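Visitor: I'd like to learn how to read cavities and disulfides in a model. Could you walk me through it?

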Amino acid sequence: MASFQRSTMFCLFFMITIFIPFGSVLAGAAYAVPRAPTVYRPSPWTLAHATFYGDESASSTMGGACGYGNLMTNGYGTNTAALSSTMFNNGYACGQCYQMRCVQSPWCSKGIATVTATNLCPPNWSQDSNNGGWCNPPRTHFDMAKPAFMQIAQWKAGIVPVMYRRVPCVRKGGLRFSFQGNGYWLLVYVMNVGGAGDIKSMWVKGTKTAWISMSHNWGASYQAFATLRGQALSFRLTSYTTKQTITAYNVAPANWNVGLTYQANVNFH
């Protein structure tokens, strides 16, 4: 009898030890653990060169090829830069953030500037790449707003070598969507992008439509040729660098209008 009890207890113990881990696998399959958001990390430091354009007010840096409009009211301030075409990547670099420090020049200061890419520095084929044509391919070059340049070097230097690296873009609040176009064509400028700062692809969904793929127009703008009037709009976006996709639901109400900017409650990290 004692032998039977010991045998029974052993069998129960064995079943329990097998059942617990097996049960935990089932729980994991039935209840998916939320995946942590993708977090963009800084890149290694790399050598490039930097110049500046405009004056201390940075008024001439407003607008730009990325389409951010007034950089002050839209949250970018004066810490911005135009990128050479090699870096600009047909606008896919819009919104990326960089840290820079001046090196190997008597004009250097000890400061580090963090800037956002908001513009294109076009090639100047009439000048040599090493003598005036600083933004000619294949050069990696930053043409900084003057207030940003003065954080790393004296403006009298004109051009200085810099070490730079990509860094996460720290933004307050969610993504912002500035609407242009008309009733049959929606053009959206995406701003205030956190994380890697850039966008690779984008979709829009009305309350009466499926997800519609938007094509890249230029800079930080995407377009959809569709009739979306009278519908609340949601957007889905994929980061160019991290490939992470996030969805911003019900960003714009059904009575949305062009010329207005709408803010989501989600962002990249």
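Guide: Let's take the cavity and then the disulfides. One thing up front: this is a predicted model.

Visitor: How does one find empty space inside a protein?

Guide: Rolling a probe the size of a water molecule over the atoms shows where empty space is left. Here, the structure holds one cavity of 30 Å³ or more, and about 60 Å³ of space lies in the largest cavity.

Visitor: Which residues lie nearest the centre of the largest cavity?

Guide: Those are Cys 94, Asp 198, Ile 199, Gly 219 and Ala 220, out of 13 residues in the lining. By type, the lining divides into eight nonpolar, four polar and one charged.

Visitor: And which domains does that lining draw on?

Guide: Domain 1 (46–166) and domain 2 (176–263) each supply at least three residues to the lining of the largest cavity.

Visitor: On to the disulfides. How many are there?

Guide: The count comes to four disulfides, going by cysteine sulfur atoms within 2.5 Å. If you number the bonded cysteines in sequence order, the pairing reads 1-2, 3-8, 4-5, 6-7.

Visitor: Cys 94 came up in the cavity lining. What is its partner, and where do the two sit in the chain?

Guide: Cys 94 is bonded to Cys 66, with the sulfur atoms 2.0 Å apart. This pair links distant parts of the chain, 28 residues apart: Cys 66 is in the loop between strand 1 (46–53) and strand 2 (80–84), while Cys 94 is in the loop between helix 2 (85–88) and strand 3 (97–102). Both Cys 66 and Cys 94 are buried.

Visitor: Why is the disulfide of Cys 66 and Cys 94 called left-handed?

Guide: Look at the torsion about the S-S bond: for Cys 66 and Cys 94 it is about -90 degrees, so the disulfide is left-handed. Now try Cys 97 and Cys 169, whose sulfur atoms are 2.1 Å apart. Their torsion is about 120 degrees, so that disulfide is right-handed. Cys 97 sits in strand 3 and Cys 169 in the loop between strand 6 (160–167) and strand 7 (176–182), 72 residues apart.

Visitor: Cys 102 and Cys 108 are bonded as well. Are these two cysteines buried or partly exposed?

Guide: One of each. Cys 102 counts as buried because its relative accessibility is 9%, under the 20% cut-off. Cys 108 has a relative accessible area of 22%, so it is partly exposed. The sulfur atoms of Cys 102 and Cys 108 are 1.9 Å apart, and with -65 degrees about the S-S bond, their link is left-handed.

How values were computed
Residues are numbered from 1 along each chain as its sequence is written. This is a predicted model: local features need pLDDT of at least 70, side-chain atom pairs count only at pLDDT 80 or more; totals for chains, interfaces and linings use all residues. Side-chain values use heavy atoms; hydrogens and water are left out. On a 1 Å grid over the protein atoms alone, a cavity is a set of points where a 1.4 Å probe fits but cannot get out, and a pocket is an open set with protein on both sides within 12 Å along at least five of seven lines; lining residues have an atom within 4 Å of a point. Grid points are joined across faces, edges and corners, and a volume is the space filled by probe spheres set on the points. Ala, Val, Leu, Ile, Met, Phe, Trp, Tyr, Cys and Pro count as nonpolar, Asp, Glu, Lys and Arg as charged, and the others, Gly among them, as polar. Domain bounds come from an automatic or database domain assignment. Helices (H or I, at least four residues) and strands (E, at least two) are DSSP runs, numbered from the N terminus. Buried means under 20% relative accessible area, exposed over 50%, partly exposed in between (1.4 Å probe, protein chains only).
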